[in-house]
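Subject: Structure for your review

Dear colleague,

Please find below the structure that I am handing over to you. My findings follow it, arranged by region.

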Amino acid sequence: MRNLVLALLLIFSNLVSMAQANFDKQGHRGSRGLMPENTIPAMKLALDYGVTLEMDIAISKDKKVLVSHDPYISDVFALDQNGKEIPKGKGLKLYQMNYAEIKTYDVGSKFHPLFPEQKKLKVNIPLLEDLIDASEAYAKEKGYPAPHYNMETKITPKGDGELHPAPEEFVKRLMKVIKKKGIIDRLIIQSFDPRSLEIVHQKYPQVKTAYLVSKGSLENHLKDLSFKPAIYSPAYKLVTKEMIEACKKQGIKVIPWTVNTKEEIEKLKALGVDGIISDYPNLF
């Protein structure tokens with residue numbers, strides 16, 4: 001009986017992996033609509049829904065690799081060490097704070113006005129390596145397939161030296177964690193910033209890259225890069241049948257963001273996208 005159960009689990013794991021390879025369902029910031037974004041609990045819940053773990057990467061003053069969308073402590077959903085509101089604005093820059101201080105802020109207890117369904121719990125901004133360890137252990141404990149990851153380099157030319165290190169150092173520090181944790185074959189690195197994608201392509205050609213865009217045309221976007229990315233990742237309202245066909249002709253997958261209704265998910269699947277990023281992985 002035990003051997004039969006193990007065999008069935010293996011078959012299930014393989015089927016899930018095949019399905020994920022064919023259509024990449026991704027939980028935006030883990031499961032932002034349901035759990036505090038970019039936290040370990042958000043990633044665990046995303047794994048319960050069988051999706052790729054999408055997240056954002058930042059760097060602290062003491063060069064720790066963090067998981068955070070904003071390059072600062074957000075007054076929208078964070079509380080200070082005493083559970084108090086923090087000042088509005090962007091004064092608490094992560095790149096100007098050591099991780100020992102960053103981790104004292106609570107990013108999960110405060111009500112998020114845009115995501116009323118979020119479960120509230122006291123949780124901090126995690127180190128990337130801790131998040132990977134927790135996700136890998138949780139998947140193994142639950143008998144899930146090994147997690148897949150989509151990590152965004154949160155970087156802009158204006159932010160160099162102020163909100164984050166320059167692209168070369170940023171990518172180097174990120175990839176050091178990735179290689180240490182042995183997940184390079186289950187990884188996508190995405191960015192709105194072509195510079196970091198160029199570095200990944202040149203120095204780590206085995207890593208899939210995704211070019212994030214919020215406006216403009218496919219033709220112009222592809223001119224931003226010296227190579228064709230594995231994935232083109234536009235804001236979902238930009239997606240057209242013509243765009244998808246043009247990408248397929250060039251061997252580029254289309255994975256739009258951030259799609260948060262069942263109707264839009266089905267509409268985009270019917271158009272032929274290769275995956276979808278959503279705040280609500282339960283909608284899949």
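Strands β2 and β3 form a hairpin in which five residues lie between the two strands. Within that turn, lysine 63 has a positive phi of about 65°. Please bear in mind that this is a predicted model.

**Strand β2 and its partners**

The two strands of the hairpin run antiparallel and are joined by three bridges. Isoleucine 59 of β2 is placed opposite valine 65 in β3. Strand β2 also pairs with β4; these two run parallel, with five bridges between them. In that pairing, leucine 53 faces tyrosine 149 of β4. A further parallel pairing joins β1 to β2 through two bridges, and here glutamine 26 stands opposite threonine 52 in β2.

How many of the residues of β2 are buried? Eight of its eight residues are, so the strand is mostly covered, buried meaning under 20% relative accessible area. In a regular strand, side chains alternate between the two faces of the sheet. In β2, Thr52, Glu54, Asp56 and Ala58 are buried on one side, and Leu53, Met55, Ile57 and Ile59 are buried on the other.

**Salt bridges**

Side chains of opposite charge can pair when their charged atoms come close. The count for this model comes to 17 salt bridges.

One of them involves β2: arginine 29 pairs with aspartate 56, and their closest N and O atoms are 3.9 Å apart. This contact links distant parts of the chain, since arginine 29 lies in the loop between β1 and α2 while aspartate 56 belongs to strand β2, 27 residues away. Aspartate 56 counts as buried because its relative accessibility is 0%, and arginine 29 is likewise buried because its value is 9%. The pair is part of a network of salt bridges that links Arg29, Arg32, Glu37, Asp56 and Asp279.

A second salt bridge joins glutamate 162 to lysine 93, with the closest N and O atoms 2.5 Å apart. It too connects distant parts of the chain: glutamate 162 is in the loop between β4 and α5, lysine 93 is in the loop between β3 and α3, and 69 residues separate them. Glutamate 162 has a relative accessible area of 34% and is therefore partly exposed; lysine 93, at 21%, also counts as partly exposed.

A third salt bridge is formed by arginine 195 and aspartate 193, whose closest N and O atoms are 3.1 Å apart. Is each partner buried or partly exposed? Arginine 195 is partly exposed, with a relative accessible area of 26%, whereas aspartate 193 is buried, with a value of 4%.

**The loop between β1 and α2**

Arginine 29 also deserves a note on its backbone: its phi is positive, about 55°, although it is not a glycine. Asparagine 38, in the loop between β1 and α2, has a positive phi of about 55° as well, and it is not a glycine either. Asparagine 38 is buried because its relative accessible area is 2%.

**Helix α5**

Lysine 172 is located in helix α5, which covers residues 167–181. With 59% relative accessibility, this lysine counts as exposed. Lysine 172 and serine 196 are 24 residues apart in sequence, and their C-alpha atoms are 10.0 Å apart in space.

Yours sincerely

How values were computed
Residues are numbered from 1 along each chain as its sequence is written. This is a predicted model: local features need pLDDT of at least 70, side-chain atom pairs count only at pLDDT 80 or more; totals for chains, interfaces and linings use all residues. Side-chain values use heavy atoms; hydrogens and water are left out. Helices (H or I, at least four residues) and strands (E, at least two) are DSSP runs, numbered from the N terminus. Buried means under 20% relative accessible area, exposed over 50%, partly exposed in between (1.4 Å probe, protein chains only). A salt bridge is a side-chain nitrogen of Lys or Arg within 4 Å of a carboxyl oxygen of Asp or Glu. Two strands pair if DSSP finds at least two bridges between them.
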